[in-house]
Amino acid sequence: MNVEKNVISLSGGKDSTALLLHALEKETENIVPVFADTGNEHKQTYDYLEYLERILNIKIIRVKAVFNQQIAKKREYIKHFWIQEDISQQIIEDALSVLKPTGVPFLDLYLTDEHR
């Protein structure tokens, strides 16, 4: 049996909250609220999501990107190919010393260069 789901992207702001409330007025069974956590949200945003879950009696799915593999791949590139580009060992070591996952997807995405 194929059950249709209506995914509501919830940021914690007024517009996405209004959309969620409107959707819940129409139907409560197949609504799936999803919050994409950039790791750069204010604490009040997380508190507000918990508040919404409590007063609306819903579960908000939280997703968070992890870029550890992409950062590891970039580290390997720096280690093996920068030396061939005649970049000094000190610059390579300096780059590798800061090129580590922070656990904050918003920042880690920029470390990967995949945002381009």
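# A tour from the sheet outwards

Strand 2 is mostly covered, with 5 of its 6 residues buried. Select residues 31-36 to bring strand 2 up. Keep in mind that this is a predicted model.

**Stop 1: the sheet**

Add the other strands. The sheet is open and has 3 strands, in the order 1-2-3, with parallel pairing. Which strands stand at the edges? They are strand 1 (6-9) and strand 3 (61-63). Each has a single partner strand, so one side of each is left without a neighbour in the sheet. Look along the sheet for its twist: neighbouring strands are turned by 30° against each other on average, ignoring direction.

Now zoom in on strand 1 and strand 2. These two pair in the parallel sense over 4 bridges. For a single pair, pick Ile8 and look across to strand 2, where the bridge partner is Pro33.

**Stop 2: helix 1 over the sheet**

Select residues 14-26, which make up helix 1. Helix 1 lies across strand 1 and strand 2. Against strand 1, helix 1 runs at about 155°.

Show the side chain of Thr17, a residue of helix 1. Is Thr17 buried or exposed? Its relative accessibility is 7%, under the 20% cut-off, so Thr17 counts as buried. Display what surrounds Thr17: setting aside neighbours within four places in sequence, its contacts are Leu10, Gly12, Tyr48 and Leu52. Two of those names, Tyr48 and Leu52, lead to the next stop, since both belong to helix 2.

**Stop 3: helix 1 against helix 2**

Add residues 43-56 for helix 2. The axes of helix 1 and helix 2 are 13 Å apart, and the packing angle is about 15°. The two helices are therefore roughly parallel to each other. Turn the view to follow the crossing of helix 1 past helix 2, which is right-handed.

Which residues meet here? From helix 1, select Thr17, Leu20, Leu21 and Leu24. From helix 2, select Tyr48, Leu52 and Leu56. Colour this contact by residue class: it divides into 6 nonpolar, 1 polar and no charged residues.

**Stop 4: Glu53 and Asn57**

Stay with helix 2 and pick Glu53, which sits in that helix. Glu53 has a relative accessibility of 15% and so counts as buried. Not counting residues up to four places away in sequence, Glu53 touches Ile58, Lys59, Ile60 and Arg62.

Next, step to Asn57. This residue is in the loop between helix 2 and strand 3. Check its backbone: phi is positive, about 55°, although Asn57 is not a glycine. Most residues other than glycine have a negative phi. At 70% relative accessibility, Asn57 counts as exposed.

**Stop 5: helix 3 against helix 4**

Move to residues 68-81 for helix 3 and 89-98 for helix 4. How do these two helices pack? The angle is about 170°, with the axes 10 Å apart. Helix 3 and helix 4 are therefore roughly antiparallel to each other. Show Arg75, Ile78 and Lys79 from helix 3, together with Ile92, Ala95 and Leu96 from helix 4, as these residues make the contact. By class, this contact divides into 4 nonpolar, no polar and 2 charged residues.

**Stop 6: the loop between helix 3 and helix 4**

Finish in the loop that joins the last pair. Select Trp82, located between helix 3 and helix 4. Its relative accessible area is 23%, so Trp82 is partly exposed. Leaving out residues up to four places away in sequence, Trp82 touches Tyr77, Ile87, Ile91, Ile92 and Ala95. Set a distance label on the C-alpha atoms of Trp82 and Ile92: they are 10 residues apart along the chain and separated by 7.1 Å.

Last, pick Asp86, also in the loop between helix 3 and helix 4. What is the sign of phi at Asp86? Phi is positive, near 70°, in a residue other than glycine. Asp86 has a relative accessible area of 73% and is exposed.

Note on methods:
Residues numbered from 1 in each chain as written. Predicted model: local features only at pLDDT ≥ 70, side-chain atom pairs only at ≥ 80, totals over all residues. Heavy atoms only, no water. Axes fitted to C-alpha atoms, helices over the stretch in contact; angles between N-to-C directions. Parallel < 35°, antiparallel > 145°, perpendicular 65-115°, else oblique. Left-handed = near helix turned anticlockwise from the far one by under 90°. Contact = heavy atoms within 4.5 Å. Nonpolar A, V, L, I, M, F, W, Y, C, P; charged D, E, K, R; others polar. Pairing = 2+ DSSP bridges. Buried < 20%, exposed > 50% of the residue type's maximum accessible area, 1.4 Å probe, protein only.
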